[in-house]
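User: Please take a close look at one helix pair in this model. I would like to know how the two helices lie against each other, and then how that part fits into the rest.

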There are 2 protein chains.
Amino acid sequence: MRRGAIQKSEATRERIYASALELFAEKGFAAATMREIAGRAGCSLGLAYHYFPSKDGIALALYERLLDEFVAAAAEISPGPVAARWSAAMSADLARMAPHRAALVGLISAGLAPGSPTQVLGAEAAPIRRRMIAAFTAVVSGARDVPRAIAAGDLAVLLYALHLLIIFFWLQDPSPGQRTTVALVDFGRENLRRLGLAARLPGFAGAVRRLASLLGPVLAGEATSVESQP
Amino acid sequence: MRRGAIQKSEATRERIYASALELFAEKGFAAATMREIAGRAGCSLGLAYHYFPSKDGIALALYERLLDEFVAAAAEISPGPVAARWSAAMSADLARMAPHRAALVGLISAGLAPGSPTQVLGAEAAPIRRRMIAAFTAVVSGARDVPRAIAAGDLAVLLYALHLLIIFFWLQDPSPGQRTTVALVDFGRENLRRLGLAARLPGFAGAVRRLASLLGPVLAGEATSVESQP
DNA sequence: TTCAAGAATTGAACGCGTTCAATTCAATTG
DNA sequence: CAATTGAATTGAACGCGTTCAATTCTTGAA
């Protein structure tokens, strides 16, 4: 096997991937069948399984591309207040994901089943979650207006949790064009803008630290194993 | 057909329901097969589908029982501060759901697929969501310490949204005994206790109203249809 | 040119959730 | 006591995602 063959197999893989994304968008994740995906790609059913481990796996490949784009885009956001940087990152992410809503719904649905390799809070997806937290740390660190009382790492954990919530909501948002989700991002930006004021309130910084300490280990994938109690 | 037959068919239905719950708990929702459920109930596969529309439908029947219990329990909570009433409702709900985590994971997973009758934010589940909002309205109304600036209906919508979030998190919570979720409820109670102070801050009451106005229509199932734009 | 080796590709098969025409059964009616 | 009616029940069948032994194709070495 040589250069030509590698390109050919890569092209086949790409054809399967592309026809899958088309069908997911056309008829939804569940209604798109692997046989139809293979058929449109001009190959047999078995070959689709040679290139992808499962139907979910195709959606996962899409998600990983989007993840890379998110991380790259987060590093490029122009300096400014956290509120502006966060909302820029979220808006751009939603825009990138918009054409793939159906595929991502399928992924999330599979990602809730325990034992699945794509489980959202599962051990196998921990590296993905850590990359996202790192990306949000970059978003926070590039801002000058984050109060001293609030650790950048804590804020990054909370913004990632908020990101997860907003994506979940967006996938289900029944409003036309998902405009409620857009309004939710606006709402988040307005309130993030008041972070400096809020941080002066007694108890606020402590609450942020506490919430981050609860969610952080779960999201980063630490201390999630069940210890035996004597 | 008379009394005796009705009782017999009800008993059959209950046998299928019970063996399904057993198997969900034993091996998880996905690994429990309809053939095995029917087999343990001592009937044929087809009969299970005579009594339940689908595998998800069995989990939905469980959820509806839990919903009834939640509504009834919410009405029985002793008077006191909102924080205490909310945390009592949540703790009791988690305790009731604990034995059925696996079944509920299956339900939630199905409830994210668009077009499914069990879709969490879908039109068909709107009556269920309205009942939950009504139950939370009762929780709020039974408290004397809710600030005037915050409408009971708005707070109920937000507490229901928080309930959904906490249940979602609980279903995925990898910490032993889901202790992180318990800590999250404690955290919520502590912060709800400060609602009176927070309500005095400029902008807080407005933010509550705004968020409730965004989430309310989606949760209550209003204005979710796509209007044609001229 | 021949050949062995490994990649690319196939399609039959499995168990799953689900459907449905057919059958059995029990109870009311004439 | 049949006859009838409708519910309770069955099991074969369908299409799905997935697996895998078998086959074809490609390529570098002899």
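Analyst: Helix 5 and helix 9 of chain A are roughly antiparallel to each other, because an angle over 145 degrees counts as roughly antiparallel, while under 35 is roughly parallel, 65 to 115 roughly perpendicular and the rest oblique. This is a predicted model, in which local features need pLDDT of at least 70 and side-chain atom pairs count only at pLDDT 80 or more, while totals for chains, interfaces and linings use all residues. Residues are numbered from 1 along each chain as its sequence is written, and chains are lettered from A and ligands numbered from 1 in the order in which they are written.

The angle between helix 5 (residues 82–97) and helix 9 (residues 179–193) of chain A is about 165 degrees, and their axes are 8 Å apart. Axes here are lines fitted to C-alpha atoms, for helices over the stretch in contact, and angles run from 0 to 180 degrees between N-to-C directions. The crossing of helix 5 of chain A with helix 9 of chain A is right-handed, that is, the near helix is turned clockwise from the far one by less than a right angle; anticlockwise would be left-handed.

On the helix 5 side of chain A, the residues that meet helix 9 include Val82(A), Trp86(A), Met90(A) and Leu94(A). Among their partners in helix 9 of chain A are Val185(A), Gly188(A) and Leu192(A). Two residues are in contact if their C-beta atoms, placed from the backbone, lie within 7 Å. By class, this contact has 7 nonpolar, 4 polar and 2 charged residues. Nonpolar means Ala, Val, Leu, Ile, Met, Phe, Trp, Tyr, Cys and Pro, charged means Asp, Glu, Lys and Arg, and the others, Gly among them, are polar.

Now the rest of the chain. Chain A has 11 helices and 0 strands; both are DSSP runs numbered from the N terminus, helices being H or I with at least four residues and strands E with at least two. The C-alpha trace of chain A spans about 65 × 55 × 40 Å along its principal axes. Of the 230 residues in chain A, 30% are buried, meaning that 20 or more other C-beta atoms, placed from the backbone, lie within 10 Å of a residue's own (exposed: 12 or fewer; partly exposed: in between). Among contacts in chain A with a separation of 6 or more, 65% join residues 24 or more positions apart.

Chain A also touches chain B: 31 residues of chain B are in contact with 31 residues of chain A.
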